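Let's take a walk through a protein model together, one helix at a time. Keep the picture open beside you and look for each part as we reach it.

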Amino acid sequence: MRDAINRRRFLKTTVAFAGVAAAGSFSRSKLASAAAIQPPVVDKLTVNVLVDSSQDLFFKPSQVHGVSVQPGPRPTDFRRTLHNQWGLSLLLESQRGGEHRNFMLDYGYSPDALLNNIDILKVDPSKVTALILSHGHFDHYGGLIGFLDRYRNVLPAEIKLYAGGEDNFCHRLSPSGNGQFTDFGTLDRRELGKRQATTVFAETPTVIEGHAFTTGRIARTSIEKVLPNTFVERKMEDGLGCNASHYTSAELLGKIVPDEHVHEHATCFNLKDKGLVVISSCGHVGIVNSVRQAQEVSGVRKIHAIVGGFHLGPASKDYLDTVVAEIKKLEPDVVVPMHCSGNSFNQAMREQMPGNLIVTTTGSQIVFGA
């Protein structure tokens, strides 16, 4: 019954939003189909960590349950180094037979770090066929416009940015104490339009380029909760911000409200003979919720890997232990925490699932299905 209700909510939201889009509110934007998906199968997936919060110069190759991890190449010029920052950017390379796809998932905090690392890691942006944004936090879209400014001429003419929904464009604020807030930025759709990038609102599960799929809006069915992070302001002025008509009166009220990340989504691959690789860039809505949603929309139960940021850095030990216990029930072959997952999460994994943990670093290359 709950699953049926969730599906109806997806469809209701999609229909309502399509009406707003048809009214011309969104420049160079379109809505993904609400139809059920058949998850494509790929033979191989390589995740390249372009930007993360730390780098280990002595990082050594390893292999866990058939998943191999390699350090990135060192700069040929000793005066250059990979840049680390609070943020995440991944290059996803998938292969099926002789067919290849390259997707950019998130863009770090600043273009300086992203462009520097792309150069050092010898990434070829001309091979990128689609762009994906996990959610509307600056540490995930901060490098996007700079990336487009540098490489737009080598990207496909009709390049698409797959975003979870209108919420990605809302104004974010960080609490600074005593009821005060500091600005945490707004993704500017006008700037994307100037660079001829079309946003696809993937509120429902969406297949990308015949290789990957997104979860759509993630149902919150587990014991997980949204841990404290940003606040959000739902309004639009002169084309900047998010369209308030897309939200209910209870969500609006003209106030700055705690951020629930209603349109955060995960990016997934169905790996041949292995199962799902679920990539959650920040997992504010819960990493277990994200994985369950991937299983639900794809019909694939086996979880090969859970990858990315899980936003468990601020979690208490009791909560961490509970979440890891829930992850263990999913029976993933490997868990690959990054970004906001936190060192305490790694410790909880070592206590409960030591044989499934893979630790990475900026520049790492993780190969699934080799």
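Start with helix α8, where the buried residues are F345, N346, A348 and M349. Looking down the axis of α8, you would find these buried residues within an arc of 160°, so they line one face of the helix. What do they pack against? The buried residues of α8 pack against α7 and against β22, which covers residues 334–338. Keep in mind as you look that this is a predicted model.

Now let's turn to the pairing of α7 and α8. Two packed helices are described by the angle between their axes and the distance between the axes. Helix α7 spans residues 317–330 and helix α8 spans residues 343–352; their axes come within 9 Å and cross at roughly 55°. An angle under 35 degrees would count as roughly parallel, and one from 65 to 115 as roughly perpendicular. The pair α7 and α8 is therefore oblique, and the crossing is right-handed. On the α7 side, the contact is made by K317, L320, D321, V324, A325, I327 and K328, while α8 brings in S344, F345, A348, M349, E351 and Q352. Sorted by character, the residues of this contact are seven nonpolar, two polar and four charged.

Helix α7 has another neighbour to meet, α6, which runs through residues 287–298. The axes of α6 and α7 come within 9 Å and cross at roughly 20°. That makes α6 roughly parallel to α7, and this crossing is left-handed. From α6, the residues in the contact are I287, V288, V291, R292 and Q295; from α7, they are V323, E326, I327 and L330. Here the split is six nonpolar, one polar and two charged. Notice I327 of α7: this residue appears in the contact with α8 and also in the contact with α6.

Finally, let's look at the backbone in two loops. Most residues other than glycine have a negative phi. Against that background, E331 is worth finding: it is not a glycine, yet its phi is positive, at about 55°. E331 sits in the loop between α7 and β22. Is E331 buried or exposed? With a relative accessible area of 58%, E331 is exposed.

D238 also has a positive phi of about 55° without being a glycine. Look for D238 in the loop between β16 (236–237) and β17 (240–241). At 71% relative accessibility, D238 counts as exposed.

Technical notes:
Residues numbered from 1 in each chain as written. Predicted model: local features only at pLDDT ≥ 70, side-chain atom pairs only at ≥ 80, totals over all residues. Heavy atoms only, no water. Axes fitted to C-alpha atoms, helices over the stretch in contact; angles between N-to-C directions. Helix = DSSP H or I, 4+ residues; strand = E, 2+ residues; numbered from the N terminus. Parallel < 35°, antiparallel > 145°, perpendicular 65-115°, else oblique. Left-handed = near helix turned anticlockwise from the far one by under 90°. Contact = heavy atoms within 4.5 Å. Nonpolar A, V, L, I, M, F, W, Y, C, P; charged D, E, K, R; others polar. Buried < 20%, exposed > 50% of the residue type's maximum accessible area, 1.4 Å probe, protein only. Arc of directions from axis to C-beta.
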